[in-house]
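Trainee: Could you take me through one part of this model, the four-stranded sheet and what packs on it, and then show me where that part sits in the whole assembly? I would love a slow, connected walk rather than a list.

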2 protein chains.
Amino acid sequence: MLTKQLVDKIFETSYGSFEESTILHAKKSLLNWLGVTVGAIEHKSIDMLLEVSDELGSSEQATILGRNKKTDISMAALINGTSSHIFDFDDTHLDTIHHPSGPIAPVVFALGETRNLSTKELLRAFILGCEVELRISNAVYPSHYQKGYHITPTAGCFGAAVAAGILLNLDKEKMVMALGIAGTQAFGLREMFGTMTKPFHPGKAAQNGLLAALLADKGFTSSKQVLEAKRGFANVMSDSHDLTKVLDKWGESYEFEKNAFKPYACGIVLHPSIDACIQLSEFATPEEVESIELTVNPYVLELTGKDQPLTGLEGKFSIYHTGAIAFLEKDAAEEQYSDEKVNASNTVEMRKKIKPVVSEDISEEKVKAVLKKTDGTTQVVVIEDATGSIDNPMTQEMLNKKFTKLCKPIISQDKIDEVIEKTMRFEELDSVNEVIGSLYNERILMN
Amino acid sequence: MLTKQLVDKIFETSYGSFEESTILHAKKSLLNWLGVTVGAIEHKSIDMLLEVSDELGSSEQATILGRNKKTDISMAALINGTSSHIFDFDDTHLDTIHHPSGPIAPVVFALGETRNLSTKELLRAFILGCEVELRISNAVYPSHYQKGYHITPTAGCFGAAVAAGILLNLDKEKMVMALGIAGTQAFGLREMFGTMTKPFHPGKAAQNGLLAALLADKGFTSSKQVLEAKRGFANVMSDSHDLTKVLDKWGESYEFEKNAFKPYACGIVLHPSIDACIQLSEFATPEEVESIELTVNPYVLELTGKDQPLTGLEGKFSIYHTGAIAFLEKDAAEEQYSDEKVNASNTVEMRKKIKPVVSEDISEEKVKAVLKKTDGTTQVVVIEDATGSIDNPMTQEMLNKKFTKLCKPIISQDKIDEVIEKTMRFEELDSVNEVIGSLYNERILMN
């Protein structure tokens with residue numbers, strides 16, 4: 001019954017029922033998502049996806065944001081979704097390490113561009129798609145994630161189907177089917193972390209969920225109880241779970257609003273360590289550092305234990321490199337994760353001094369950092385609420401700056417300002433095409 | 001290292017190394033696959049997939065077999081793969097209940113049609129794609145399947161990537177990447193059994209594996225140890241496994257040759273019961289039957305326990321309906337699984353007399369059937385090797401008849417004979433297009 005009850009809740013939740021704060025958070029999420037997506041759109045892995053798209057003769061339907069190119073909506077969902085996760089700089093639901101916008105926003109943009117849909121309905125689809133995937137994540141976390149599943153694409157398949165289903169105007173019965181067709185496609189191994197296949201995951205989840213809704217729209221059948229059945233998603237893909245979390249306090253509180261924006265271009269679990277190392281850099285020069293001991297939850301090191309990263313991408317999964325550059329450069333933006341930076345001799349020297357220590361007594365959002373200096377003195381910093389966390393969120397101004405920094409290599413400052421302005425009054429726009437039109441890459445044209 | 005070693009083995013295995021018997025089995029498998037694919041190609045779920053394909057503006061690259069229509073190769077892999085599993089009449093690797101051709105053959109046909117490839121290379125890709133997925137199935141079966149995964153699409157993603165990778169001429173490093181990109185897309189819940197989403201599984205696996213190989217071809221990166229890593233396929237998706245089975249006796253014996261063809265249009269686990277009920281029908285009229293007790297392995301009933309099926313599709317997952325029609329009609333072909341037949345009063349009456357009993361002491365390939373008559377007498381039949389099993393395989397003549405029966409509603413008898421003749425000398429053909437050209441649906445043209 002759970003899957004059907006969930007669909008009932010989705011149908012009950014109108015745009016009018018959203019608080020202002022929820023709508024504001026949705027717009028911030030879209031702005032953040034657009035920034036990371038457009039910012040990475042010239043990455044070589046996107047070139048590769050576009051080559052495949054060309055090889056398949058994909059039709060021109062929806063825009064690859066910031067590339068001045070269109071593919072069919074399925075490929076656009078895949079490619080824009082992939083781009084948004086390339087920098088590991090997208091949003092994060094801290095309780096489940098799920099990146100909510102990645103599988104949902106590309107579906108909303110692809111269908112919004114190709115069908116005549118109101119921006120309010122797009123916001124509703126976006127919010128509910130995120131809400132559903134996050135509630136499903138809550139139900140299976142941490143068991144599912146510990147097992148080795150990348151929770152963003154597994155739960156994301158469901159959310160993408162919900163967003164697409166809303167925008168395709170599915171009835172309740174078809175929405176149940178869409179969830180079934182999407183849920184059986186749930187996929188994604190954490191083993192892929194540190195490779196191009198990690199960002200491919202949210203894109204593929206978007207594509208899978210969209211396909212599920214398109215098929216359900218035509219009458220395709222599936223299980224009516226994909227979430228709760230004996231051989232359904234929760235039982236098969238998680239050793240333990242609590243499915244009551246899927247509907248618990250629906251309408252009273254939004255998991256979606258627990259979605260945090262990252263100030264740093266790496267996994268959220270490293271953010272406390274970055275804050276700590278930036279603070280510690282006030283107390284010593286690199287030469288004066290004997291060691292920086294970072295006491296973190298075992299999970300943190302499991303995710304970021306690459307002690308000898310060779311590429312910028314691997315650097316994002318290295319607490320050693322990340323601690324080093326945070327101390328050296330007082331930031332951890334995309335430029336701190338270039339291949340050059342990872343292999344620079346001063347970074348390599350510094351990262352040898354970063355000493356992670358694991359403790360079950362410290363939660364994933366915190367770090368205790370101890371700087372030991374060569375003169376025998378020590379300095380301790382404890383981070384309880386890292387920048388970008390729920391209790392210490394990025395301000396609108398910080399978000400605008402992040403968006404600007406990300407998009408600057410791709411689109412002009414005029415366009416950047418336009419996109420920020422339009423996205424922050426998204427519900428007033430006639431069409432999402434007003435935003436998409438501003439994401440025009442003039443540099444490509446000039447080349 | 002296992003994933004890399006597997007790729008080494010694939011590269012070592014040339015067409016010339018295959019025994020005649022392996023090549024013959026491959027051609028029989030392709031014939032069987034073409035029969036079930038073309039036979040179901042006018043099913044409404046294929047209509048739905050084609051509607052979605054049209055909606056995406058799919059380009060005309062590869063043929064939907066028996067539909068006189070082309071889509072891009074990705075959609076063709078999805079749609080032909082789906083069609084092949086609709087009747088549940090495709091081939092089965094009995095040790096793992098895996099249907100090997102479904103995820104592989106559509107990739108071979110799509111790439112074979114669109115690239116100028118020798119039919120020998122197509123056979124090699126087909127055999128090795130099947131061999132890899134079956135060896136991976138062996139490694140995780142039964143734990144993986146018991147957990148609730150549909151093993152055909154999970155392992156099938158790997159096999160499809162191997163077949164596509166061979167045909168795209170990937171080097172070893174890229175083949176390792178293709179396996180990684182494919183393996184992370186492994187998906188499929190047994191909860192979908194009895195719905196259109198079950199046949200969708202092998203099609204989607206074909207599509208996922210093809211995408212993996214296309215991306216690897218462009219340089220896309222993934223894990224180099226998708227099979228064996230701590231967070232890789234085997235550890236995440238199976239509670240227990242034996243990965244030595246992936247390479248064990250490679251080149252000495254082919255799992256692929258343990259691939260059996262079904263004489264009946266339902267899950268292989270029901271075939272012993274069908275043979276038994278057909279035999280028992282010699283001993284009583286329906287009215288004289290008090291009960292037919294079928295003692296089967298618990299697995300069999302778990303898969304086929306629908307006691308009140310309402311549709312033909314549900315009938316295929318019902319030992320009750322299947323036993324009834326086998327007794328009443330001495331067959332279990334597609335026509336015994338029509339919606340009408342499932343709801344006919346004499347079938348419903350008869351199925352109430354079918355009494356499954358489970359016992360761990362009987363293996364999945366066997367059945368002990370006891371007919372109790374209203375006059376108090378009993379008759380016992382034990383089936384050790386059902387028709388279509390490895391020790392009692394379908395003959396070439398039986399296969400030709402099966403192909404003919406399946407294709408008759410779609411293509412003319414001349415064309416049927418042509419396809420059989422060409423497929424059985426596949427390695428001599430200049431191109432797979434000689435077969436595809438004969439699969440022309442004249443009836444669609446006339447309508």
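Mentor: Happy to; we start at the sheet, then move out to the chain and to the pair of chains.

One thing to keep in mind throughout is that this is a predicted model. In chain B, the sheet is open and has 4 strands in the order β6-β5-β7-β8, with mixed pairing. The edges are taken by β6 (354–358) and β8 (378–383) of chain B, each of which has a single partner strand, so one side of each is left without a neighbour in the sheet. Ignoring direction, neighbouring strands of this sheet are turned by 20 degrees against each other on average.

Now let us go through the pairings. Strand β5 of chain B, residues 289–296, pairs with β6(B) in the parallel sense, over 5 bridges. To find your place there, look for B:Glu293, which stands opposite B:Lys355 in β6(B). At the other end of the strand order, β7(B) and β8(B) pair in the antiparallel sense over 6 bridges. A good marker for this pairing is B:Ala369, whose bridge partner in β8(B) is B:Val381. The hairpin of β7(B) and β8(B) has 4 residues between the strands, and in it B:Gly376 takes a positive phi near 90 degrees.

Two helices lie across these strands. Helix α12 of chain B, residues 271–280, lies across β5, β7 (367–373) and β8 of chain B, and runs at about 30 degrees to β7(B). Helix α15 of chain B, residues 319–329, lies across β5 and β6 of chain B, at about 125 degrees to β6(B). Strand β5 of chain B is thus crossed by α12 and by α15.

Turn to chain A and you can follow the matching part. Its open sheet of 4 strands has the order β6-β5-β7-β8, again with mixed pairing. Here β6 (354–358) and β8 (378–383) of chain A are the edge strands, each pairing on one side only, and the twist from one strand to the next averages 20 degrees. Strand β7 of chain A, residues 367–373, pairs with β8(A) in the antiparallel sense over 6 bridges. Within that pairing, A:Val367 has A:Ile383 in β8(A) as its bridge partner. Helix α12 (271–280) of chain A lies across β5 (289–296), β7 and β8 of chain A, at about 30 degrees to β7(A). Helix α15 (319–329) of chain A lies across β5 and β6 of chain A, with an angle of about 125 degrees to β6(A).

Where does this part belong in the chain? The domain assignment of chain A gives domain 1 (2–260) and domain 2 (268–383), and the sheet residues just named, such as those of β8 (378–383) of chain A, fall in the range given for domain 2. The centres of the two domains of chain A, taken over C-alpha atoms, are 32 Å apart. Their contact takes 7 residues from domain 1 of chain A and 8 residues from domain 2 of chain A. On the domain 1 side, the residues divide by class into 4 nonpolar, 2 polar and 1 charged.

As for chain A as a whole, its secondary structure comes to 21 helices and 8 strands. Its C-alpha trace spans about 70 × 55 × 40 Å along the principal axes. The radius of gyration of chain A is 21 Å, which agrees with the value near 22 Å that a compact globule of 447 residues would have.

Finally, the pair. Chain B can be laid on chain A with an RMSD of 0.0 Å by a turn of 180 degrees and a shift of 0.0 Å along the axis, which is the relation of a two-fold axis. In chain B, B:Phe187 has the C-alpha nearest the axis, at 2.8 Å from it. The contact between the chains involves 46 residues of chain B and 46 residues of chain A. On the chain B side, the elements that give two or more residues are α3 (44–55), α4 (73–86), α9 (172–184), α10 (197–218) and α11 (233–237) of chain B. By class, that side has 18 nonpolar, 19 polar and 9 charged residues. Of the interface residues of chain B, 100% are also interface residues in chain A, so the copies meet through the same surface.

Definitions and conventions: Residues numbered from 1 in each chain as written. Chains lettered and ligands numbered in written order. Predicted model: local features only at pLDDT ≥ 70, side-chain atom pairs only at ≥ 80, totals over all residues. Nonpolar A, V, L, I, M, F, W, Y, C, P; charged D, E, K, R; others polar. Pairing = 2+ DSSP bridges. Axes fitted to C-alpha atoms, helices over the stretch in contact; angles between N-to-C directions. Domains from an automatic or database assignment. Least-squares fit on C-alpha atoms with pLDDT ≥ 70 in both. Rg over C-alpha atoms; globule rule 2.2 N^0.38 Å.
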